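Student: Could you take me closely through one part of this model, namely how its strands pair within a sheet, and then set that part beside the rest?

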Amino acid sequence: MRTKAIAATVLMTVALAGCGARVPGPDTGAASSTPKQTQGSSSSREEQPTQVNTDPQDVPTNIPQPIPNPEPPADPKALAVRAVANTVNSTALQVFNSNMPTRISIYADLTWSKVEGAAQYRVLRNDDGGDKYYLLYNVPATFRGYRDGAVMNLKVDTEYKYLVEALDSSGNVLAKGTDSTKALYPLPVPVPSAPDNNAENTPIAPTFEWNSGGGKPEGYYVEVFSGVYLTPMWRGYRSDPDFGTKITYGTQVEFQPGTSPAIWPPIVLSPAGNYTWTVTAIKTDTGNAATAKAWAKSNSMARRFYCGKKPVVGGN
């Protein structure tokens with residue numbers, strides 16, 4: 001898991017159409033060009049995040065990973081491929097500039113099982129409804145993942161079919177597998193309502209309130225960070241079919257279906273401290289993170305609150 005970093009520059013909203021990227025994506029083996037979040041442990045407590053997030057497209061940064069997929073198929077000529085579409089409406093942690101625009105990113109993450117003797121993996125895509133697949137990228141054997149749409153957005157109304165082939169050093173196909181996905185439409189950004197931005201004398205266990213912004217997500221993640229270095233303090237999940245909901249700091253009301261029900265213990269807030277919070281709306285195509293083939297996420301503008309008095313800047 002990772003913490004969020006404030007984006008120094010955020011691009012204008014990206015159009016909801018485009019073609020696939022040509023760069024390797026998430027990795028399940030060696031180091032990846034796209035940093036992965038830490039898996040929840042088998043115990044009831046997750047590992048605390050230690051790294052700073054440098055990718056504002058991926059929100060929220062501390063969302064738990066889905067329960068792992070089944071083991072690879074027994075057939076040595078088969079490849080277990082999983083394609084998951086992501087539609088992200090992101091504002092990052094824009095604490096210092098409330099006029100920065102949101103950024104919509106639409107991409108598909110592919111992962112697949114390891115094949116012994118593979119020198120590389122060939123990733124192909126079909127997006128026209130026909131039978132022919134077109135080459136996207138040759139991925140080195142040290143990677144077992146690819147992000148399609150990392151540069152130009154995918155389309156939300158198109159089914160993308162993927163074929164992954166494991167090749168030996170002579171270019172022979174050792175195993176192959178297919179999967180498909182279709183992106184969800186972007187979720188509206190949720191709107192925080194309490195505590196007010198820059199609120200003073202907030203309790204050390206504040207109750208956070210928000211509304212959906214007009215969308216119909218299946219749940220929300222609320223995250224609290226220190227106000228200076230944006231160190232993660234706590235994360236909570238809440239599902240609510242209505243237009244608004246709330247959660248109190250330190251409580252774990254619900255767990256997102258399909259994720260390991262691990263507690264992320266809160267850090268006690270200081271009576272004189274200042275903090276940042278944000279809420280992220282989540283929606284999947286199946287209602288379960290473990291089986292979902294498409295996600296939509298949108299996070300609110302960050303809000304700051306003070307458990308004591310707001311510090312006075314400047315003056316004598």
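Tutor: In this predicted model, strand E5 (residues 120-126) and strand E8 (residues 159-167) run antiparallel to one another and are joined over seven bridges, and within that pairing Arg 125 stands opposite Tyr 162 in E8. The pair belongs to an open sheet of four strands, whose order is E6-E5-E8-E9 and whose pairing is antiparallel. Strand E6 (134-140) and strand E9 (173-182) occupy the edges, and because each has a single partner strand, one side of each is left without a neighbour in the sheet. Between neighbouring strands of this sheet the turn is 20 degrees on average, with direction ignored.

A three-strand sheet, also open and with antiparallel pairing, can be set beside this one; its order is E10-E11-E14. Here the edges are formed by strand E10 (191-194) and strand E14 (244-248), each of which pairs on one side only, while the twist from one strand to the next averages 30 degrees. Strand E11 (residues 207-211) pairs with E14 in the antiparallel sense over five bridges, and Trp 210 stands opposite Thr 245 in E14.

As for the packing of side chains, the largest nonpolar core holds 45 residues, of which Trp 112, Phe 208 and Val 224 touch the most other members. Strand E4 (residues 103-112) supplies the largest share of this core, with five residues. Another core, of eight residues, lies apart from it and includes Val 84, Ile 282, Ala 289 and Trp 295.

How values were computed
Residues are numbered from 1 along each chain as its sequence is written. This is a predicted model: local features need pLDDT of at least 70, side-chain atom pairs count only at pLDDT 80 or more; totals for chains, interfaces and linings use all residues. Side-chain values use heavy atoms; hydrogens and water are left out. A nonpolar core is a set of buried Ala, Val, Leu, Ile, Met, Phe, Trp, Tyr and Cys residues joined through side-chain atoms within 4.5 Å. Buried means under 20% relative accessible area, exposed over 50%, partly exposed in between (1.4 Å probe, protein chains only). Helices (H or I, at least four residues) and strands (E, at least two) are DSSP runs, numbered from the N terminus. Two strands pair if DSSP finds at least two bridges between them. Axes are lines fitted to C-alpha atoms, for helices over the stretch in contact, and angles run from 0 to 180 degrees between N-to-C directions.
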